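Let's take a walk through a protein chain together. Keep the 3D view open, so you can follow along as we go.

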Amino acid sequence: MIEWEQGTLFAERYEIRRRLGTGSIGHVYLTEDVIRQEPVVVRIIFKDLVDDVGGFEGLIPILRKISSINHQGIMRVNDFNQWQGLVYLTTEHLSGKPLFDYCKTSELGPDIDQLKTWLADIGETPVSYTHLTLPTIYS
């Protein structure tokens with residue numbers, strides 16, 4: 001894992017603010033998009049996931065499909081690219097909890113019927129977004 005210090009410029013566009021953690025598809029950083037001047041989350045995809053689909057070129061159709069998902073219950077993917085051998089995608093930065101966290105606690109999460117609808121909508125796409133990462137639920 002690469003550790004960047006606060007202030008490091010990633011991909012000549014995203015200034016690292018802090019590391020948020022590691023998710024199911026890669027390492028996650030809160031950054032500032034220096035062009036749009038707004039917070040953006042950068043997810044650096046694990047190399048083995050990229051290799052499993054034949055590299056960046058093999059990942060492009062999957063990332064295109066994921067970035068086309070526009071649903072109220074799923075964080076939107078803004079962009080994807082590669083930089084210095086690292087494949088990454090960017091998403092909006094929202095406060096919320098991953099679905100997995102709702103499952104681990106007794107907190108009342110989103111309406112279960114709404115959750116089923118969201119997951120059914122995702123399942124209709126040729127690419128399974130839930131394969132790559134559990135969706136984040138926002139209320």
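What follows goes from the whole chain down to single residues.

**How far to trust it**

Keep in mind that this is a predicted model. The chain averages a pLDDT of 78, and 67% of the residues score at least 70. pLDDT is the predictor's confidence in each residue, from 0 to 100. Which elements have the lowest and the highest mean pLDDT? Helix α5, residues 129-132, has the lowest at 40, while strand β1, residues 9-10, has the highest at 96. Over residues 124-139, pLDDT stays under 50. The model still has 49 contacts beyond four places in sequence for that stretch.

**The overall layout**

You'll find 5 helices and 8 strands in the chain. Starting at the N terminus, the elements run β-β-β-β-α-α-β-β-β-α-α-α-β. The chain has 139 residues, and buried ones make up 40% of them. As for the surface, the chain exposes about 8200 Å², with carbon and sulfur atoms supplying 49% of that area. Now look at the contacts with a separation of 6 or more: residues 24 or more positions apart account for 46% of them.

**A cluster of aromatic rings**

Next, try finding the rings. There are 5 aromatic pairs in the count. One of them joins Trp4 and Phe10, which sit edge-to-face with 5.2 Å centre to centre and 65 degrees between the planes. Phe10 also pairs with Tyr88, again edge-to-face, at 5.0 Å centre to centre and 80 degrees between the planes. What parts does the pair of Phe10 and Tyr88 tie together? Phe10 lies in strand β1 and Tyr88 in strand β6 (residues 86-92), so this pair links parts that are 78 residues apart in sequence.

Are these three residues buried or exposed? Buried means under 20% relative accessible area. Trp4 has 19% relative accessibility, so Trp4 counts as buried. Phe10 is at 1%, so Phe10 is buried too. Tyr88, with 4%, counts as buried as well. Zoom out a little and you can trace one aromatic cluster formed by Trp4, Phe10, Tyr14, Tyr29, Trp83 and Tyr88.

**Thr90 in strand β6**

Stay with strand β6 and look for Thr90, which lies in it. Thr90 counts as buried because its relative accessibility is 1%. What is Thr90 in contact with, leaving aside its neighbours within four places in sequence? The answer is Tyr14, Val40, Val41, Val42, Arg76, Val77, Asn78 and Asp79. Tyr14 may ring a bell, since this residue is also part of the aromatic cluster.

**Helix α2 and its kink**

Now move to helix α2, which covers residues 56-68 and has 13 residues. From its first C-alpha to its last, α2 reaches 18 Å, close to the 18 Å expected at 1.5 Å a residue. There's a kink, though: about 25 degrees, centred on Ile62. Which residues of α2 are buried? They are Phe56, Leu59, Ile60, Leu63, Ile66 and Ser67. To read that list, it helps to know that an α-helix has 3.6 residues a turn, so residues three or four places apart point the same way.

**Two loop residues with a positive phi**

Two loop residues are worth a stop, and the table puts them side by side.

| Residue | Phi | Loop | Relative accessibility |
|---|---|---|---|
| Glu12 | about 55 degrees | between β1 and β2 (14-22) | 64% |
| Gln37 | near 55 degrees | between β3 (26-33) and β4 (38-45) | 64% |

Glu12 has a positive phi although it is not a glycine. Gln37 is likewise a residue other than glycine with a positive phi. Exposed means over 50% relative accessible area. At 64%, Glu12 is therefore exposed, and Gln37, at 64%, counts as exposed as well.

**Gly7, before the first strand**

Finish with Gly7, in the segment before β1. Gly7 is partly exposed, with a relative accessible area of 39%. How far apart are Gly7 and Arg17 in space, and how far in sequence? The two are 6.3 Å apart in space, C-alpha to C-alpha, and 10 residues apart in sequence. Not counting residues up to four places away in sequence, Gly7 touches Glu15 and Ile16.

How values were computed: Residues are numbered from 1 along each chain as its sequence is written. This is a predicted model: local features need pLDDT of at least 70, side-chain atom pairs count only at pLDDT 80 or more; totals for chains, interfaces and linings use all residues. Side-chain values use heavy atoms; hydrogens and water are left out. Helices (H or I, at least four residues) and strands (E, at least two) are DSSP runs, numbered from the N terminus. Contact means heavy atoms within 4.5 Å. Rings of Phe, Tyr and Trp (its six-membered ring) pair if their centres lie within 6.5 Å; planes under 30 degrees apart count as stacked, over 60 as edge-to-face and the rest as tilted. Buried means under 20% relative accessible area, exposed over 50%, partly exposed in between (1.4 Å probe, protein chains only). Accessible areas come from the Shrake-Rupley method with a 1.4 Å probe; for residues, only the protein chains shown count as cover. The expected span of a helix is 1.5 Å times one less than its number of residues. The bend at a residue is the angle between axes fitted to the seven residues ending there and the seven starting there.
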